[in-house]
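User: Could you teach me how to read a protein model, one feature at a time? I'd like to begin with patches on the surface.

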Amino acid sequence: IPQIKQLPKFPKMPPLGIITITETTVAKACNKVRGGAGLGGTNALSLQQWCLRFGKVSKALRIEIAHFASWLAMDNPPWAAYRAMMASRLIALGKGDQRGIRPIGIGDVLKRLIAKCVLEDTREEATESCGSMQLCSGLRGGIEGGIHAAHQAYQSMISESPEEHGFLLIDARNAFNELSRITMLWVTRHLWPSGATFLFNTYKHWSQLFLRVD
């Protein structure tokens, strides 16, 4: 747990943004959901079918999902009301070459859909806050631009003194699992105020991981 003096300093605390999630937002986000089933047993393809293929019934479902997403993004619901949705199905993948097991948690597809609904309405703010520090935050052509920039810099270096430059291949550590949750919530509260409430509701307690054994 970081001390207060260790947290990044910001000039002011911005007001929390207002997120507008409608059934249209849910419909757009449904087309972007991918992945397998979590504990609920529903995968992304099934949820897309339910939300988009059955006329008035699908619209009613999208409206309910929009209400639930708005509740998580704008309010402070009790953890018990959505704790089950935050749980993940744990699978054990072999790393190969007898290097052990890699634990992977598969989150519920509804949770992934709600997260994409929040991003639909706050993406521009998140992209502007991350800038070039995080190229996966929606910056158009960001990853491609980063690759070309790195390639150009490398070509420039080896053309001047090829014997002094090269590549070092390393096995990077999983930085995401080593992040300070408190610091992350503190920073996003200042840099991404529109999504800060949803993020806090998502990470304010530890999620449960369940490993099924047949």
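Analyst: Sure, terms come before the case. A patch is made of residues with over 30% relative accessible area and no salt bridge, joining like charges within 9 Å and nonpolar side chains (Val, Leu, Ile, Met, Phe, Trp, Tyr) within 5 Å. A salt bridge is a side-chain nitrogen of Lys or Arg within 4 Å of a carboxyl oxygen of Asp or Glu. Accessible areas come from the Shrake-Rupley method with a 1.4 Å probe, and for residues only the protein chains shown count as cover. Here, W50, F54, V57 and L61 make up a nonpolar surface patch, together offering about 410 Å² of accessible area.

One caution: this is a predicted model, where local features need pLDDT of at least 70 and side-chain atom pairs count only at pLDDT 80 or more, while totals for chains, interfaces and linings use all residues. Residues are numbered from 1 along each chain as its sequence is written, and side-chain values use heavy atoms, leaving out hydrogens and water.

User: Where does F54 sit?

Analyst: Helices (H or I, at least four residues) and strands (E, at least two) are DSSP runs, numbered from the N terminus. F54 lies in the loop linking α2 (44-52) and α3 (55-74). Overall, the chain has eight helices and three strands.

User: Is F54 buried, exposed or partly exposed?

Analyst: Buried means under 20% relative accessible area, exposed over 50%, and partly exposed in between (1.4 Å probe, protein chains only). With a relative accessible area of 48%, F54 is partly exposed. Across the 214 residues of the chain, 29% count as buried.

User: What about helix α1 (residues 23-30)?

Analyst: That helix is mostly covered, with six of its eight residues buried. Those in α1 are E23, T25, V26, A27, A29 and C30. C30 has a relative accessibility of 1%, so it counts as buried.

User: How many disulfides does the whole structure have?

Analyst: A disulfide is a covalent bond between the sulfur atoms of two cysteines. The test is a pair of cysteine sulfur atoms within 2.5 Å. Searching the whole structure turns up zero disulfides. For C30, the nearest cysteine sulfur belongs to C51, 3.7 Å away. C117 is in no disulfide either, and its nearest cysteine sulfur, that of C30, is 6.9 Å away. C117 is buried too, at 0% relative accessibility.

User: Where in the chain is confidence lowest, and where is it highest?

Analyst: Check pLDDT, the predictor's confidence in each residue, from 0 to 100. Helix α6 (residues 142-160) is lowest, at a mean of 69, and α3 is highest, at 95. The chain's mean pLDDT is 82, with 79% of its residues reaching 70 or more.
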